[in-house]
Amino acid sequence: MITAAVVPTTTWYLVLAAGLFAIGMIGVLVRRNPLIMFMCIELMLNAVNLTFVALATELTDINGQTAVFFVLVVAAAEVVVGLGIIVSIMRRRQQATADDLAALKG
Amino acid sequence: MELFVFVCAAIMVLVGALGVVLRSNPVHAALSMILTLFGVAVLFVAREANFLAAVQVIVYAGAIVVLFLFVIMLLGVDRAEDLRTEPLGNVQRPLALVLGIGMFALLTTAVVRSRDSLRFKGDGVKTATLEDADGNIRQIARSIFGDYVVAFELTSVLLIVAVVGTVVLARRRKSERTAS
């Protein structure tokens, strides 16, 4: 029976963000497809963003939301560079997994 | 109502995240990631970060996931892959699971135990009201273009470097072009 008095507190948000981060971490550790590993890194960044926003409201400080803005910009730049690298690797070797990429020179 | 929104968004986030990790087809993984990103955007709205929720949908779901899908289609790797390949023997997956659960337990313990130490209060976060609909945006703008203007300029440099670097990386070299 859910009563109307139950309101999600900041701790709930932080625990959810911890779960999202852990799932992303498991994904990076388990999957071998570089694209999927990249997506899992994005999941971890989102978990951090969620933490920032939850705490910004809890502590009534707008700088938490500003930090999320910068994380978004850096994530966009990171994806652009990472996907460029993946495209240039995959063009030489189809079906390359993260274990085949032991050398910097493709 | 708040609880309902939180539970729905949390389910979206977790199901999407599990989909990214567990689906074998990269296209399905990218679509699962959109579910997660929308769930996070809903949570942003629930936490009254309206501007960031809009940016989350536009930048992440609109640009980054489309870039992922574009690369998946471009490379033609949109086949389901064999998830049973285990390069490090049979220990990798259980170890990763143990590490992940350990990380979750560690973070949860830290969050719960430090709950009472959240006493610092900032200058206040403006929320959108009917009288002051863009209060949140104006406050963030004042923070970005006031306190953090140097960091903002540096991110523009970072974006330019990233674009130039990608063009250099993804360009076909002359020798390759003549060979193919």
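Tutor: Let's start with axes: they are lines fitted to C-alpha atoms, for helices over the stretch in contact, and angles run from 0 to 180 degrees between N-to-C directions. We're looking at a predicted model, where local features need pLDDT of at least 70, side-chain atom pairs count only at pLDDT 80 or more, and totals for chains, interfaces and linings use all residues. Residues are numbered from 1 along each chain as its sequence is written, and chains are lettered from A and ligands numbered from 1 in the order in which they are written.

Student: Why is helix 1 of chain A called roughly parallel to helix 1 of chain B?

Tutor: Their axes come within 9 Å and cross at roughly 10 degrees. Angles under 35 degrees count as roughly parallel, over 145 as roughly antiparallel, 65 to 115 as roughly perpendicular and the rest as oblique. That makes this pair of helices roughly parallel.

Student: What makes A:Gly19 and B:Val13 part of the meeting between these two helices?

Tutor: Contact here takes C-beta atoms, placed from the backbone, within 7 Å. Among the residues that meet are A:Trp12, A:Gly19 and A:Leu20 on one helix, and B:Phe6, B:Val13 and B:Ala17 on the other. By class, this contact has 14 nonpolar, three polar and no charged residues. For those classes, Ala, Val, Leu, Ile, Met, Phe, Trp, Tyr, Cys and Pro count as nonpolar, Asp, Glu, Lys and Arg as charged, and the others, Gly among them, as polar.

Student: What makes helix 1 of chain A roughly antiparallel to helix 4 of chain B?

Tutor: Helix 1 (residues 10–30) of chain A and helix 4 (residues 92–113) of chain B pack at about 160 degrees, with axes 9 Å apart. That angle makes the two roughly antiparallel. The contact includes A:Phe21 and A:Met25 from chain A, and B:Phe104 and B:Leu107 from chain B. Its residues divide into 18 nonpolar, four polar and one charged.

Student: How do you know that B:Tyr60 is buried?

Tutor: Count the neighbours: a residue is buried if 20 or more other C-beta atoms lie within 10 Å of its own, exposed if 12 or fewer, and partly exposed in between. B:Tyr60 has 26 of them within 10 Å, so buried it is. This tyrosine sits in helix 3 of chain B. Leaving out residues up to four places away in sequence, B:Tyr60 touches B:Leu37 and B:Val65.

Student: And why does A:Thr9 count as partly exposed?

Tutor: A:Thr9 has 13 C-beta neighbours inside 10 Å, so it lands in the partly exposed class. You'll find A:Thr9 in the segment before helix 1 of chain A.

Student: What makes a set of residues a nonpolar core?

Tutor: The members are buried Ala, Val, Leu, Ile, Met, Phe, Trp, Tyr and Cys residues joined through C-beta atoms within 7 Å. The largest one here has 59 residues, and A:Leu20 and B:Val20 are among those with the most contacts inside it. Helices 1, 2 and 3 of both chains each supply at least two of its residues. As for A:Leu20, its contacts beyond four places in sequence include A:Leu43, A:Leu50 and B:Val13.

Student: How do you know that chain A has three helices and zero strands?

Tutor: Helices (H or I, at least four residues) and strands (E, at least two) are DSSP runs, numbered from the N terminus. Chain A runs α-α-α.

Student: Which helix of chain A gives the most to the side that touches chain B?

Tutor: Overall, 65 residues of chain A are in contact with 72 of chain B. Helix 3 of chain A gives the most to that side, with 21 residues.
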